[in-house]
Amino acid sequence: MIRLLVKPANALISGYSFLKSSVTGVTAVYGMPVSIGVELTNYCNLNCPECLSGSDMMVRERGFMKTDLFDKIINELKPYIFNLNLFFQGEPMLHPQFFLFLNKSLNINTTVSTNGHFLTEENSEKLVSSGLKRLVVSLDGMDQNTYSTYRVNGDLNKVLRGIKNVSEALKKKSSSMKLIIQFLVNRNNEHQIPAVKHFVHEMKASLKLKSMQIINNESFETWLPSLKKFRRYKLQNNQYIIKNPLPDRCARLWFNPLITWDGKVLPCCFDKDAQHVMGNINDDSFREIWDGPKYRIFRKRLFSGRDTIDICGNCTSGLRGVRY
């Protein structure tokens, strides 16, 4: 009974510490995270131009997470977390031991996001039988030309077939796993929103229409859609900036850390190239890092000037009126 109370109690404590810190401006962290992201790999099979991994702009080393490192993360954090995201940069299903990680995530509310190129019939049946809570599949066009404008080197037919495989496996296995189709709305594919809605309905899936993050300053006019609700940027003084007013607070620093394939603990999922490493799980426990000096300094900096932190320049936390 006591174990069942640990997660909700931790969530209340974490929420209280965030609210207290927001009101007083004095950072305090009393609990542990309620959700974490774990990067299985930062390798990818595609070359998406506005993705740090796919565009080959990533500076940090590439690799695959070791299972013993994952064991250490789960053993320490499983009592506290409600959600686990098994993705970050890269394609998680490229990991040779991908399904072993899923097995180790049993009894945790787990989400996997994939570009859909590895959803064979066999893999789809294994996914829907694994206990996975949500599978997010990226589908950014309804014909090959449109799709490959962003998903460079991608095969639309393979992705569509993969989605159908998952849909059929869900029905066959009577699985409760939720299938979510994610559509990054941009200037090249926005006209295909009705078509993707029709396809998603046929697959008995859910649709997430999402605004696109742009990392190349010269590419805004290439990608920004005409539909303003899908634009997370505005033009100001002849340059595009995030519409987010960036208030000097962010719940991610209290609830949602990210751990890279090699054990680096990052403040959030917007630190894609690990520019703000809070510590490494290979060297210290997560709690030591979570309560450590680097995290304290970073949280304090957030309260004194979030708009001066580089990774916040694309952040959607606090953004209103935009689909993200």
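Is Gln213 buried or exposed? Select this residue in the predicted model, and you will find that Gln213 is buried, because its relative accessible area of 16% falls under the 20% limit used for that term. Gln213 belongs to the loop that runs between strand S6 (206-211) and helix H8 (220-223). If you then display its surroundings and set aside the neighbours within four places in sequence, the residues in contact with Gln213 are Glu50, Arg232, Tyr233, Phe270, Lys272 and Asn314.

Two of those contacts, Phe270 and Lys272, deserve a selection of their own, since the charged end of Lys272 sits over the ring of Phe270, at 5.5 Å from its centre. A second arrangement of this kind can be found by selecting Phe99 and Lys126, where Lys126 lies over the face of the Phe99 ring, 4.2 Å from the ring centre.

From Lys126, widen the selection to helix H4 (residues 121-128), whose buried residues are Asn123, Ser124, Leu127 and Val128. Turn the view until you look down the axis of H4: the buried residues fall within an arc of 125 degrees, and therefore line one face of the helix. Glu121 and Glu122, on the other side of H4, are exposed. Showing the elements around the helix, you will see that the buried residues of H4 pack against helix H3 (98-104), strand S4 and helix H6 (156-173).

Strand S4 (residues 134-138) leads to the next stop, as S4 pairs with S5 in the parallel sense over five bridges; to find one point of this pairing, select Arg134, whose bridge partner in S5 is Lys178. Strand S5 itself (residues 178-185) is mostly covered, with seven of its eight residues buried. S5 also runs parallel to S6, to which six bridges join it, and here Gln182 stands opposite Lys208 of S6. Following the chain from S5, you pass through helix H7 (residues 193-202) before reaching S6, and this β-α-β crossover is right-handed.

The last stop concerns aromatic rings, of which the structure holds 12 pairs. Select Trp290 and Tyr295, which form an edge-to-face pair with 5.0 Å from centre to centre and 75 degrees between the planes; both of these residues are buried. Finally, select Phe18, Trp254, Phe255 and Phe303 together, and you will have a cluster that is linked by ring pairs.

Key:
Residues numbered from 1 in each chain as written. Predicted model: local features only at pLDDT ≥ 70, side-chain atom pairs only at ≥ 80, totals over all residues. Heavy atoms only, no water. Helix = DSSP H or I, 4+ residues; strand = E, 2+ residues; numbered from the N terminus. Buried < 20%, exposed > 50% of the residue type's maximum accessible area, 1.4 Å probe, protein only. Contact = heavy atoms within 4.5 Å. Phe/Tyr/Trp six-rings, centres within 6.5 Å; stacked < 30°, edge-to-face > 60°. Lys NZ or Arg CZ within 6 Å of the ring centre and 35° of its normal. Pairing = 2+ DSSP bridges. Right-handed = clockwise from strand over helix to strand, strands pointing away. Arc of directions from axis to C-beta.
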